[in-house]
Amino acid sequence: MPTLIVVGTQWGDEGKGKIVDVLTESAHYVVRFQGGNNAGHTLVINNKKYILHLIPSGIFHPHTICLIGNGVVVDPEVLIQEIEKLKNEIDLSPAKLKISYLAHAIMPYHRALDIARESKAKGNRIGTTGRGIGPCYEDKVGRRGFRLVDLTKPEFFKEKLKNVLEEKNFLLRYLGAEPLDFQSIYEKYLEYGEYLKPYLSDISEILWKAYNEGKNILFEGAQGTFLDIDFGTYPYVTSSNTVAGNACTGAGFGPSKISEVLGIVKAYTTRVGEGPFPTEQNNDIGLYLREKGGEYGSTTGRPRRCGWLDLVMVKRAIRLNGITSLAITKLDVLSGLDKIKLCIGYRIGSKTLETFPESLEDLKSVEPIYEELPGWKEDLSKISTYEELPKETKVYLKVIEEYLEVPIVLISTGPDRRNCIFIKEKRFF
Ligand code: IMP
């Protein structure tokens, strides 16, 4: 009865969606446990591109049941649009997609506050996705939030919304934004509640039963380790815990029942939004990676900042998440570079650091120490076995594996489901 958590080891956009889609071939359940529609998971199936923001990436497999856990913040409008857009192509009935009663709803004032705060912050922006993620988590912790189930209780919803909105409108005015109208939010969100009601379920109970029936369960992380609210590069982070430990809290599942944690590592590093990025390449290399890798945000379309793979970061991610295997993605993007660099340490003044600094100030001032390796020219997307890989690609993988001391079990060599090579026997399920 294997249970697998899949997490990003960098700043998100590691290609988790594609790997989850591939592994879901043998999973009975796929569960999202944190984040919201700040995530954008891109999948290419039979040359058609799909971008999912809330629905778990396992949805394209007919046998897989997709669950949205209590730790996710759900924008009902976005979820309903996503369901409506896809429902003629795939089964999106409540038998296939189930959402926790306890998940919090992103309300219009969350989006408005997110945008208003960012525009007022000017030089101190976080660079959020503007989807209301932070304000929604704030309200959850502040006990002012609405769980999805609350949208199905008209009287309760009405009273609480009146109180909450009064405060939000005060804040919005202070931030220079327009206040919002109670009646239209109330009516719209009651409608959303009605629409989503058949999907609302006790996810924890479903998982407990599935586990006891020996089903394969995959927990799909969103964002990446360095966007974690505690362990990321605070304050340039998202507002949830993105590390593997939160799969348990965010879905209502006991830690003693987790079998494996798979870390997804992009073959280079990217970051969207503000914050320090030691191996960033503000030069032709960065541009090459961005254009070849299509490094534009799938949620906001923003160009991603690009740089070399930082193994010091990934090593910390391995420790924070208890990662037992690795998948290296977008290896094909590196084809064509003469030299490839890997960051294996940092220097601060005359001091050498082998671990990732916890202080943001230290991180801002580190200088990466690189190991330089020869590049390769071959188009990896045409290759389907490990043996056929160019010898330079094998060296690149070997150096990564030796430094990280965790086995690389699969590599991704292109956007399609088919561009995936298992390099160890292990298949998780
Ligand atoms: P928020 O999650 O919208 O509050 O944004 C906070 C930070 O996390 C910003 O730097 C975003 O660009 C970043 N972020 C949030 N979601 C993702 C993601 O799915 N991929 C990459 N960066 C993300």
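This report walks through the ligand site, one pocket and two backbone details of the structure above.

The model is predicted, so to speak of local features a pLDDT of at least 70 is needed, side-chain atom pairs count only at pLDDT 80 or more, and totals for chains, interfaces and linings use all residues. Residues are numbered from 1 along each chain as its sequence is written, and side-chain values use heavy atoms, with hydrogens and water left out.

**The ligand site**

Around the ligand there are 15 residues, of which Asp13, Asn38, Thr129, Thr238 and Arg302 come nearest (a residue is near if one of its heavy atoms lies within 4 Å). This shell comprises six nonpolar, seven polar and two charged residues; here Ala, Val, Leu, Ile, Met, Phe, Trp, Tyr, Cys and Pro are nonpolar, Asp, Glu, Lys and Arg are charged, and the others, Gly among them, are polar. Domain 1 (3-89 + 203-422) and domain 2 (104-198) each supply at least three residues of the shell, with bounds from an automatic or database domain assignment.

The table gives polar contacts of the ligand (pairs of N or O atoms within 3.5 Å).

| Side chain | Ligand atom | Distance |
|---|---|---|
| Gln223 | nitrogen | 3.3 Å |
| Thr238 | oxygen | 2.6 Å |
| Arg302 | oxygen | 2.9 Å |

On its own the ligand has 470 Å² of accessible area, and the protein covers 97% of that (Shrake-Rupley method, 1.4 Å probe).

**The second largest pocket**

A pocket is an open set of points on a 1 Å grid over the protein atoms alone, where a 1.4 Å probe fits, with protein on both sides within 12 Å along at least five of seven lines; lining residues have an atom within 4 Å of a point. The second largest one has a volume of about 240 Å³, and its lining includes Lys48, Tyr50, Val78 and Glu82. Strand S4 (48-52) and helix H2 (76-86) are the elements that give two or more residues to this lining. By class, the lining holds five nonpolar, two polar and five charged residues.

**Backbone details**

Asn47, in the loop between strand S3 (41-45) and S4, has a positive phi near 65°. Tyr234 and Pro235 are joined by a cis peptide bond with omega about 5°.

Key:
Polar contact = N/O pair within 3.5 Å; in protein donor to acceptor, adjacent residues only side chain to side chain. Points joined across faces, edges and corners; volume = space filled by probe spheres on them. Helix = DSSP H or I, 4+ residues; strand = E, 2+ residues; numbered from the N terminus.
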